[in-house]
Amino acid sequence: MANSNSVALRLAVESTYGTSPGLTFEEVRFTSESLAKTTGTTTSAEIRSDRQITDVVRVSDGVDGAIEGELSYSGLGTASSAQDELMEAALMSASFSAVQTNTGSWTIAGSNITGTGVGTSLVVGDWVRVKNGATLIGYFFVTAQSANSITVTPTPSGAAATEVERGSYIQNGTTERSFTIERQHTDVASTFELYTGVKVNSMTVNVAAGSISRYTFALLGQDEVSAATSTATSTTNHTTNPIMNGVDNVYAVRENHASLGTIVRSFSLTVANNHFARQAVGSLGPVSMGSGSCVVTGTLSVYFENNTLLDKFRNWTTTNLSFILQDSAGNAYCFHIPECKLTLGRASTPGLNQDITAELSFQGYRDTTYGHTVRVTRWDV
């Protein structure tokens, strides 16, 4: 009998929708998965005098389910970066961009970093990591730029910098990407399931105090088949970067580029693609997947101290949010929603002997300056 501790999960990007590439697969770090074949049926409407059903007819086929896991840095190219490839698919983005690292000797004065070449290859809207030698100064958003100067927010501390690095990034787009996913039961001989034409319908990241940070990728696919051997010619092992949590690894939660500090209890971010299956006569399972609107939503729970955030909900104030996570090795992600509205806000009284918290929901939409709704930037050590 098979047990859950012996399951291996791997994926590969398809060149043609629904066709397994049969090449190198990447191992997925996960805590649970629920991939399964779905079959739509209907019953015959034929009338029989004995009141029995003449037949049960299959009318559609497909795959759905989810992969859940614990968030860790997945950007190092020498190991499996399956988590980040799923992120790329969730945002329908091109692949993570190249890193742009500027090194030199620069002066920090207020919000300005100045000196020869500091702004080379940077643009307004970039996120940069600033260091002075081995000392991390912080992560900042570029609001103005020239070849020899950048202006950033929030205001950095310190007087000098030797490195300004724009991390590699993705942002919501229109790039179609599908996967073949293989599940192996390693404790049962010759037992595999293969899922083809799998697309990421949504991605959710959850971070909370006292908890491991987690992701969920909701999936839709074309077909499931069983196999006695692996379709992969080789497998790249997953990364072994440390797992992130909501205590040690939250570098900053910022609203309108100002830190919310220690009042944050939890936050979540969801990117949904509203995929839909295209069925065709003579084909079992979707022939392709359509893509709907990119919908970016999330929640924020904070200890209630004042009406500042609730008034932004009440007054329908436009704001922005950024969540910066950094693991113990110094690898980092920044999730940025450059323009959003708070769509729900309340600070109800739950009862005796409890904290009052402000529970907020938000939705992002296209920023007219930067042209996107969400960007994810990552930095290696």
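Entry 1, burial. I counted a residue as buried when its relative accessible area was under 20%. The model I consulted is a predicted one. I looked up Phe141 and found a relative accessible area of 4%, so Phe141 is buried. Tyr370 came out at 26%, and I therefore entered Tyr370 as partly exposed.

Entry 2, aromatic pairs. My search for aromatic pairs returned nine. I examined Phe141 with Tyr370: the ring centres are 5.5 Å apart and the planes stand at 90°, so I recorded this pair as edge-to-face. Phe141 belongs to strand β9, whereas Tyr370 lies in the loop between β26 (357-364) and β27 (375-379), and the two are 229 residues apart. I also noted one aromatic cluster, formed by Tyr73, Tyr333 and Phe335.

Entry 3, charges over rings. I found the charged end of Arg378 over the ring of Phe96, 3.8 Å from the ring centre. The charged end of Arg265 sits over the ring of Tyr303, and there I read 5.7 Å to the centre.

Entry 4, helix α1. I checked residues 82-91, and ten of the ten are buried, so helix α1 is largely enclosed by the rest of the structure. The buried residues include the charged types Asp84, Glu85 and Glu88. After α1 comes Met92, for which I noted a positive phi, near 50°.

Entry 5, strand β10 and its partners. Which strands pair with β10 in the antiparallel sense? I found β7 (residues 112-114), paired over three bridges, and β9 (residues 135-146), paired over five bridges. On the β7 side, Ile113 stands opposite Ile150. On the β9 side, Ser146 has Ser149 as its bridge partner. I recorded β9 and β10 as a hairpin with two residues between them. Four of the five residues of β10 (residues 149-153) are buried, so this strand is largely enclosed by the rest of the structure.

Entry 6, Val207. I located Val207 in strand β14 (residues 192-208). Its relative accessibility is 3%, so I counted Val207 as buried. Setting aside neighbours within four places in sequence, I listed the contacts of Val207 as Ser213, Gly246, Val250, Ser266, Phe267 and Leu325. I also read the separation of the C-alpha atoms of Val207 and Ala161, which is 31 Å for residues 46 apart along the chain.

Entry 7, salt bridges. How many salt bridges does a search of the whole structure find? I obtained 16. In one of them the side chains of Glu33 and Arg183 meet at 2.8 Å, N to O. Glu33 is in strand β3 (residues 32-33) and Arg183 in strand β13 (residues 179-185), so the pair ties together parts 150 residues apart in sequence. Arg183 counts as buried, at 11% relative accessibility. I found that Glu33, Arg183 and Glu193 are linked in a network of salt bridges.

I next took up Lys37 and Asp61, whose side chains also form a salt bridge (2.8 Å, N to O). Lys37 is in strand β4 (residues 36-43) and Asp61 in strand β5 (residues 56-70), so parts 24 residues apart in sequence are tied together. I entered Lys37 as partly exposed at 31% and Asp61 as buried at 4%.

Finally I looked up Arg166 and Asp126, which form a salt bridge with the closest N and O atoms 3.9 Å apart. Arg166 is in strand β11 (residues 160-166) and Asp126 in the loop between β7 and β8 (127-132), so the bridge ties together parts 40 residues apart in sequence. I recorded both as buried, Arg166 at 13% and Asp126 at 0%.

Conventions. Residues are numbered from 1 along each chain as its sequence is written. This is a predicted model: local features need pLDDT of at least 70, side-chain atom pairs count only at pLDDT 80 or more; totals for chains, interfaces and linings use all residues. Side-chain values use heavy atoms; hydrogens and water are left out. Buried means under 20% relative accessible area, exposed over 50%, partly exposed in between (1.4 Å probe, protein chains only). Two strands pair if DSSP finds at least two bridges between them. Rings of Phe, Tyr and Trp (its six-membered ring) pair if their centres lie within 6.5 Å; planes under 30 degrees apart count as stacked, over 60 as edge-to-face and the rest as tilted. A charge sits over a ring if NZ of Lys or CZ of Arg is within 6 Å of the ring centre and within 35 degrees of the ring normal. Contact means heavy atoms within 4.5 Å. A salt bridge is a side-chain nitrogen of Lys or Arg within 4 Å of a carboxyl oxygen of Asp or Glu.
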